[in-house]
Amino acid sequence: MIIVLLGPPGAGKGTQAKKIEGEFGLTHVATGDLLREAVRRETSLGKQAQDFMLRGRLVPDRIILDLIKNKIRGGASGFLLDGFPRNIIQAEELDELLEAENKKLDLVINLEVNHNEVIDRLNGRVICPECGKTYNVDHFVDEPLVCKDCGSRLSQRSDDNPDAIEERLKVYLRHTLPLIDYYKEKGILLSVSGERSPQEVFHRIVDLLQRVEDVH
Ligand code: AMP
């Protein structure tokens with residue numbers, strides 16, 4: 001199965017992707033994670049992407065498509081794409097790339113979360129630099145900010161600041177939201193409310209995916 005996870009920043013795509021990849025044996029490809037890793041390792045790709053990311057802008061399509069091609073070509077047969085595509089051009093390129101590999105996109109899961117909730121989540125988000133688990137600072141009233149799974153010190157993402165959050169949401173509305181209609185027209189879009197607990201959202205997604213698997 002090849003699945004795209006769609007939704008605004010802070011919708012819980014990364015959290016759900018980690019759960020889904022374990023349950024369905026799919027390879028999780030998160031362009032944001034790949035870019036952050038490139039920035040951390042100070043590769044030439046990372047240097048090209050860093051400024052766009054800090055400002056909450058989209059990294060140019062050419063860079064993203066090179067990154068994603070390497071992951072999809074000849075790789076695993078089942079993918080979970082998280083944070084890609086982010087605009088219509090990337091979606092069309094994905095279609096072409098998959099066609100050339102005799103693969104096809106099976107499903108797009110759209111996580112719906114309202115604007116104010118997303119802003120609250122992003123402003124309060126802290127991340128484990130070791131295992132990538134995300135938390136909200138509100139859950140650490142009298143406790144040290146450390147990961148409950150691996151004990152590492154949690155930190156804020158450099159683009160989870162008010163200016164970059166505002167820009168990322170604008171970019172989402174302008175460039176990524178049109179993908180909902182793009183995939184609706186193809187008949188492969190399923191929307192799920194992302195406003196429940198991560199576990200509840202996951203159960204709903206599992207339910208949908210099992211039905212899709214039964215049809216295949
Ligand atoms: P994310 O972790 O998905 O929120 O992505 C973090 C940042 O990486 C975004 O704000 C963009 O600057 C960049 N990025 C991630 N995926 C893409 C993409 N498909 N196209 C362009 N830029 C991207």
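Trainee: How many residues of domain 1 and of domain 2 are in contact with each other?
Mentor: This is a predicted model, so local features need pLDDT of at least 70 and side-chain atom pairs 80 or more, while totals for chains, interfaces and linings use all residues. Numbering runs from 1 along each chain as its sequence is written, and side-chain values use heavy atoms, without hydrogens and water. The domain assignment, automatic or from a database, gives domain 1 as 2-114 + 162-215 and domain 2 as 125-159. Counting contact as heavy atoms within 4.5 Å, the tally is 9 residues of domain 1 and 7 of domain 2.

Trainee: What area is buried between domain 1 and domain 2?
Mentor: Their C-alpha centres lie 23 Å apart. Buried area is the accessible area (1.4 Å probe) that two parts lose on being put together, summed over both. Carbon and sulfur atoms give 36% of it here, and the total is about 570 Å².

Trainee: Over to the ligand: which helix gives the most residues to the shell around it?
Mentor: The shell takes residues with a heavy atom within 4 Å of the ligand, and there are 16, with Thr31, Arg36, Arg57, Gly83 and Gln90 the closest. Helices are DSSP runs (H or I, at least four residues), numbered from the N terminus. With 4 residues, from the stretch 31-40, the top contributor is helix H2.

Trainee: How far is an oxygen atom of the ligand from a polar backbone atom of Arg57?
Mentor: For a ligand, a polar contact is a pair of N or O atoms within 3.5 Å. The side chain of Arg36 has an N or O atom 2.9 Å from a ligand oxygen, and a polar side-chain atom of Arg86 lies 3.1 Å from one. For the backbone of Arg57, the distance is 2.6 Å.

Trainee: Which peptide bond is cis, with omega near -5°?
Mentor: Most peptide bonds are trans. Look in the loop between strand S3 (79-82) and helix H5 (88-100), where Pro85 lies; strands are DSSP E runs of at least two residues. The cis bond runs from Phe84 to Pro85.

Notes
Polar contact = N/O pair within 3.5 Å; in protein donor to acceptor, adjacent residues only side chain to side chain.
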